[in-house]
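Reader: I would like a close look at one part of this model, the place where two helices pack against each other. Please set that part in the context of the whole chain.

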Amino acid sequence: GAGAGLQYMLWETAGASRTILDAAFPYHPQALEDILGRKPEKSCSRDTAILMAGAAYGRAMEIAQKNGISAPLLGLGLTGAVSTDRERRGDDRVFVAVKTAGNVYVEETIFDKKVMTRQMEGFFCDALGLNMLLLACDLEPVPFPEKRELHPLAVVKEDCLTAIDDRPLFLENGLRGPASDVSPEKHVLYPGSFNPLHFGHV
């Protein structure tokens with residue numbers, strides 16, 4: 001649900017059809033599982049945001065290859081737990097990840113439940129998602145309107161390739177694991193660039 005306004009923010013710009021390839025709103029856990037191709041350990045987590053960004057990037061590659069699009073591609077994943085009609089044990093927070101051809105950017109924000117309403121948290125999620133897209137494109141972030149600026153929007157470029165390299169494997173249960181989980185008795189490593197990724201690879 002968090003970040004629901006981001007699609008509209010992008011769509012309402014004239015000429016958006018030249019840059020937006022696809023958008024999805026996997027609100028139900030089953031919808032999220034369908035997007036990822038596996039059940040995530042947690043719906044709202046850093047790993048899930050990265051998986052969502054990777055799935056979006058893969059979808060963009062699929063569309064680009066079928067239509068001869070050569071422009072740079074990126075995929076964004078946003079997952080959040082915002083204020084609701086019941087008391088949540090954990091924090092209200094959002095994770096945003098953007099996958100490009102050469103990097104992954106991730107940002108996490110924890111909201112102050114005593115200060116921010118559901119609508120304000122949603123607005124922050126939208127703005128954070130937009131600014132992560134701008135960051136990945138080396139463009140200046142959009143400032144918050146003063147009345148909304150309860151927390152500074154300090155989006156920091158974070159190279160998460162090291163974190164991904166720490167857990168490079170997708171295991172049988174759908175979770176990611178370290179290289180030490182490789183078992184010579186049951187695993188075969190098949191090298192390749194897979195660029196461009198096509199249906200044969202899949």
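Author: What follows describes one helix pair, then the chain around it, the cysteines and one loop residue.

The model is predicted. The pair in question is helix α2, residues 29-36, and helix α3, residues 46-67. Two packed helices are described by the angle between their axes and the distance between the axes. Here the axes come within 9 Å and cross at roughly 55°. An angle of 65 to 115 degrees would count as roughly perpendicular and one under 35 degrees as roughly parallel; α2 and α3 are therefore oblique to each other.

On the α2 side, the contact is made by Leu32, Ile35 and Leu36. On the α3 side, Thr48, Leu51, Met52 and Ala55 take part. By residue class, the contact of α2 with α3 divides into 6 nonpolar residues, 1 polar residue and no charged ones. The polar one is Thr48.

As for the chain as a whole, its secondary structure comes to 5 helices and 5 strands. Along the sequence these follow the pattern α-α-α-β-β-β-α-α-β-β, so that α2 and α3 belong to the run of helices that opens the pattern. Of the 202 residues, 31% count as buried. The accessible surface of the chain is about 13000 Å², and carbon and sulfur atoms make up 54% of that surface. Among contacts in the chain with a separation of 6 or more, 53% are between residues 24 or more positions apart.

The cysteines can be dealt with next. A disulfide is a covalent bond between the sulfur atoms of two cysteines. The structure holds 0 disulfides. Cys125 is accordingly in no disulfide, and the nearest cysteine sulfur, that of Cys44, is 8.8 Å away. The cut-off for a disulfide is 2.5 Å between the sulfur atoms. Cys125 has 0% relative accessibility and therefore counts as buried, the limit being under 20%. Cys137 has 40% relative accessibility, so it counts as partly exposed.

The last item is Asp138, in the loop between α4 (118-136) and α5 (161-166). Its phi is positive, at about 60°, although Asp138 is not a glycine. With a relative accessibility of 70%, Asp138 counts as exposed, because the limit for that class is over 50%.

To return to the part requested: α2 and α3 cross at roughly 55°, through a contact with 6 nonpolar residues and no charged ones.

Methods. Residues are numbered from 1 along each chain as its sequence is written. This is a predicted model: local features need pLDDT of at least 70, side-chain atom pairs count only at pLDDT 80 or more; totals for chains, interfaces and linings use all residues. Side-chain values use heavy atoms; hydrogens and water are left out. Axes are lines fitted to C-alpha atoms, for helices over the stretch in contact, and angles run from 0 to 180 degrees between N-to-C directions. Helices (H or I, at least four residues) and strands (E, at least two) are DSSP runs, numbered from the N terminus. Angles under 35 degrees count as roughly parallel, over 145 as roughly antiparallel, 65 to 115 as roughly perpendicular and the rest as oblique. Contact means heavy atoms within 4.5 Å. Buried means under 20% relative accessible area, exposed over 50%, partly exposed in between (1.4 Å probe, protein chains only). Accessible areas come from the Shrake-Rupley method with a 1.4 Å probe; for residues, only the protein chains shown count as cover.
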